[in-house]
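Here are my notes on this one, in the order I would go through them at the screen. Have the model open while you read.

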Amino acid sequence: MTQQIEALRYARLLDWGARIGVLALVLSFAAYVFGVLPPHVPLEQLPTVWNLPVAAYLHHTATPTGWGWLALAHKGDLSGLIGIALLAGCSLPPLLGLIPLYLKRRDYTYAVMCMVVIAVLALAASGVLAGGH
């Protein structure tokens with residue numbers, strides 16, 4: 001049984017995205033544990049803020065919400081979010097990689113489906129749809 005070229009491309013790109021995301025997680029954790037990246041919230045302050053409600057914790061530690069973490073990605077305790085974001089978005093490059101294949105094959109239905117999924121994922125990641133926060 002042979003695999004379609006689309007399935008192979010999607011799998012290859014997804015595999016690379018997942019590997020990069022996991023590598024980013026491991027490296028950021030190592031950088032945090034070994035003190036290469038200083039934490040945003042000092043370790044000695046953690047026991048006093050762990051029991052706070054989320055809003056109080058965010059205020060007390062000046063930790064941003066939404067995509068605000070990007071400004072603090074150089075901090076050890078927040079750098080792991082880079083790997084999480086990469087893993088959460090690792091399906092986007094494979095979907096983008098499928099569009100030219102579908103268009104070349106004149107399979108416009110699948111090309112549009114890929115574009116719609118990409119648009120939905122981008123909209124969800126944008127935070128525009130965040131309700132109640």
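How far does helix 1 reach from its first C-alpha to its last, and what span is expected at 1.5 Å a residue?

1. Before the answer, a reminder: this is a predicted model. Helix 1 reaches 42 Å over its 29 residues, close to the 42 Å expected at 1.5 Å a residue. Just past the end of helix 1, Gly35 has a positive phi of about 75 degrees.

2. Next, the buried side of that helix. Glu6, Gly17, Gly21, Ala24, Ser28 and Ala31 are the residues of helix 1 to look at here, as they are buried. As for partners, the buried residues of helix 1 pack against helix 4 and helix 5. Glu6 may catch your eye in that list, and it does count as buried.

3. On to the core. The largest nonpolar core is made of 8 residues, namely Leu95, Leu98, Ile99, Leu101, Tyr102, Ala111, Cys114 and Ile118. Helix 5, running over 92-104, and helix 6 each put in at least two of them. Helix 5 is the top contributor, with 5 residues. As background, nonpolar side chains in soluble globular proteins tend to be buried together.

4. Leu95 is a good place to zoom in, being one of the residues of that core. Leaving aside residues up to four places away in sequence, Leu95 touches Tyr10, Cys114, Val117, Ile118 and Leu121. Of these contacts, Cys114 and Ile118 are also members of the core.

5. Then there is the largest pocket, with a volume of about 590 Å³. The elements giving two or more residues to its lining are helix 1 (5-33), helix 4 (80-88), helix 5 and helix 6. Helix 4 has the largest share, 5 residues. In total 24 residues line the pocket, and Trp67, Ala85, Ala88, Gly89 and Ala125 lie nearest its centre. What classes make up this lining? There are 17 nonpolar and 7 polar residues, and no charged ones.

6. Last, Ala125, one of the residues nearest the pocket centre. Ala125 sits in helix 6, which covers residues 108-126. Is Ala125 buried, partly exposed or exposed? Its relative accessibility is 38%, so Ala125 counts as partly exposed; buried would need a value under 20%, and exposed one over 50%. For a sense of distance, the C-alpha atoms of Ala125 and Leu37 are 26 Å apart, with their positions 88 residues apart along the chain.

Methods
Residues numbered from 1 in each chain as written. Predicted model: local features only at pLDDT ≥ 70, side-chain atom pairs only at ≥ 80, totals over all residues. Heavy atoms only, no water. Helix = DSSP H or I, 4+ residues; strand = E, 2+ residues; numbered from the N terminus. Buried < 20%, exposed > 50% of the residue type's maximum accessible area, 1.4 Å probe, protein only. Core = buried A, V, L, I, M, F, W, Y, C linked by side-chain atoms within 4.5 Å. Contact = heavy atoms within 4.5 Å. 1 Å grid on protein atoms, 1.4 Å probe; cavity = no way out; pocket = protein on both sides within 12 Å on 5 of 7 lines; lining within 4 Å. Points joined across faces, edges and corners; volume = space filled by probe spheres on them. Nonpolar A, V, L, I, M, F, W, Y, C, P; charged D, E, K, R; others polar. Expected span 1.5 Å × (residues − 1).
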